[in-house]
Amino acid sequence: MPASLRDHAVHARTHYELPSYQAFLRRLGELLEHHVRELIAGAGIPPGQSEVHWRIKTPASFAQKAALPHPEDGARPRYREPVDEVTDQLALRVVTFLPAQVEAVAQAIGEDDGLTVREVRHKGSEAAAERQFGYQSLHVLVDPGRPLQVPTPPKGYGVPTVEVQLRTQLQHVWAELEHASRYKGAAGSRVSRKFDRAAALIEMVDELLQEIDDAAAASNVPGGPAGPAARTTGDAGEQPPQPAGSRLTARALRSLLAELFPDAPPSRGAGSEEWIRRHALAAGIETVEALRAAVRGVDLDAIERVFREGVTWERNQVRALDDALLAAVGPAYVDIAVGLVPADDEAQRQKRRRVLEWRQRTLRDGGAL
């Protein structure tokens with residue numbers, strides 16, 4: 001390591017280790033842990049199905065990062081002012097049971113007034129570029145804002161960007177074991193292949209558990225597959241067979257949104273696609289083909305015209321699909337959507353019903369229904 005980088009790292013570590021700054025980081029960590037727990041509860045994740053922890057980067061680890069060379073000039077440091085630029089001095093880790101819960105927490109963070117999202121990263125291990133399967137985690141970089149009543153940092157220091165890591169339980173176990181094996185020197189090719197196999201199985205099990213939860217949630221929602229929205233004419237209570245086709249995964253939905261609403265911008269809220277996917281599943285629409293047919297069975301141009309008149313903000317793809325499902329499913333969609341709001345959030349349930357009923361009247365009055 002060049003002496004200039006070594007001296008830079010020593011100076012950065014001394015600056016970072018200031019006791020009053022370390023105490024500030026601890027207070028900030030406690031505040032954010034409490035706030036994220038509130039966001040998780042507000043997202044409807046049942047108690048006991050999530051964990052939240054935080055940690056402060058050790059001075060030694062911080063110094064290692066401060067000593068990194070610039071990618072374009074190895075003689076100068078990557079971080080000119082490490083305390084201002086290193087984004088994982090304080091990191092929170094959220095571990096949930098299911099992939100949809102990871103998306104729900106990410107969405108709640110993206111929509112929160114007290115946290116400004118700077119970047120969303122889908123992180124992988126160092127070997128991820130050469131492997132099909134590997135470390136899975138969603139990292140959201142946030143700037144804590146004034147609504148949180150953030151404690152005042154010491155003079156000359158700012159409030160750092162904070163990293164929030166989001167994983168499922170299975171992803172977390174894999175990551176911890178893989179990390180430990182590397183430090184024990186056991187990450188040879190044979191061990192790496194076993195980790196690859198485990199990662200592939202974890203991805204499959206996560207998807208299967210999500211499908212089970214989706215099915216259970218849909219069957220308990222008014223108007224779900226067992227309710228009126230999924231029934232057709234025929235014997236009372238008789239269920240039509242589910243259409244064959246491609247399963248409506250979050251990845252498939254993103255592609256379909258771009259296909260159905262090419263002129264609408266993507267949603268900026270992290271996890272919004274998962275939110276609307278759960279609505280489609282609860283309405284008994286479980287495949288790409290079924291959703292495409294449902295949306296194309298309504299007058300999208302008329303819906304767009306009704307909600308465009310006198311409106312200056314952009315209607316994103318998720319909002320456009322919400323309107324299309326409202327038109328396709330009919331009045332039962334209101335009950336479906338309200339049923340997906342956490343039962344203990346009565347204010348939000350009433351608001352969702354009020355908004356959807358207004359939108360339904362507006363579409364009817366505008367001739368779109």
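## Close-up views of a predicted model

**View 1. Ala332, Tyr333, Val334, Ile336, Ala337 and Val338 are the buried residues of helix H13.** The model is predicted. Helix H13 is mostly covered, with 6 of its 8 residues buried. Three helices, H9, H12 and H14, are among the elements that cover these buried residues. Two of the views below return to H13: one from H9, one from H12.

**View 2. Histidine 279 sits in helix H9.** Is histidine 279 buried or exposed? Its relative accessible area is 2%, so histidine 279 counts as buried, the cut-off being under 20%. Leaving out residues up to four places away in sequence, histidine 279 touches Tyr333, Ile336, Ala337, Leu340 and Arg352. Tyr333, Ile336 and Ala337 appear among the buried residues of H13.

**View 3. Helix H12 spans residues 317–329.** How far apart are the end C-alpha atoms of H12? They are 18 Å apart. At 1.5 Å a residue, 13 residues should span 18 Å, so the model agrees with expectation. H12 is mostly covered: of its 13 residues, 11 are buried. The buried set is Gln317, Val318, Arg319, Ala320, Leu321, Asp322, Asp323, Ala324, Leu325, Leu326 and Ala327. Charged side chains are shown along with the rest; Arg319, Asp322 and Asp323 belong to the buried set.

**View 4. The buried residues of H12 pack against helices H8, H9, H10, H11, H13 and H14.** On the N-terminal side in sequence are H8 (250–260), H9 (272–282), H10 (288–296) and H11 (300–308). Further along the chain are H13 (332–339) and H14 (346–365).

**View 5. Both ends of H12 have local features to look for.** At the start of H12, a side-chain oxygen of asparagine 316 comes to within 3.0 Å of the backbone nitrogen of valine 318. Valine 318 is itself one of the buried residues of H12. Glycine 330 follows H12. The phi of glycine 330 is positive, near 90°.

**View 6. Leucine 291 lies in helix H10.** Its relative accessible area is 0%, so leucine 291 is buried. Which residues does leucine 291 touch, not counting those up to four places away in sequence? They are Leu248, Leu253, Leu256, Ala280, Ile285, Leu321 and Leu325. Leu321 and Leu325 are among the buried residues of H12. Leucine 291 and leucine 325 are 34 residues apart along the chain. Their C-alpha atoms are separated by 8.9 Å.

**View 7. Helix H5 covers residues 99–111.** The end C-alpha atoms of H5 are 19 Å apart. Its 13 residues should span 18 Å at 1.5 Å a residue, so the two values agree. The buried residues of H5 are Ala100, Gln101, Val102, Glu103, Val105, Ala106, Gln107, Ala108 and Ile109.

**View 8. Strands E2 and E3 form a hairpin.** E2 holds residues 69–70, and E3 holds residues 73–77. The strands pair in the antiparallel sense over 2 bridges. Histidine 70 stands opposite aspartate 73 in E3. The connection from E2 to E3 runs through 2 residues.

**View 9. The whole chain contains 14 helices and 7 strands.** Of its 369 residues, 43% are buried. Among contacts with a separation of 6 or more, 74% join residues 24 or more positions apart. The contact between leucine 291 and Leu325 is one example in close-up. The chain exposes about 19,800 Å². Carbon and sulfur atoms supply 51% of that area.

Definitions and conventions. Residues numbered from 1 in each chain as written. Predicted model: local features only at pLDDT ≥ 70, side-chain atom pairs only at ≥ 80, totals over all residues. Heavy atoms only, no water. Helix = DSSP H or I, 4+ residues; strand = E, 2+ residues; numbered from the N terminus. Expected span 1.5 Å × (residues − 1). Buried < 20%, exposed > 50% of the residue type's maximum accessible area, 1.4 Å probe, protein only. Contact = heavy atoms within 4.5 Å. Polar contact = N/O pair within 3.5 Å; in protein donor to acceptor, adjacent residues only side chain to side chain. Areas by Shrake-Rupley, 256 points an atom, 1.4 Å probe, with all protein chains shown as cover. Pairing = 2+ DSSP bridges.
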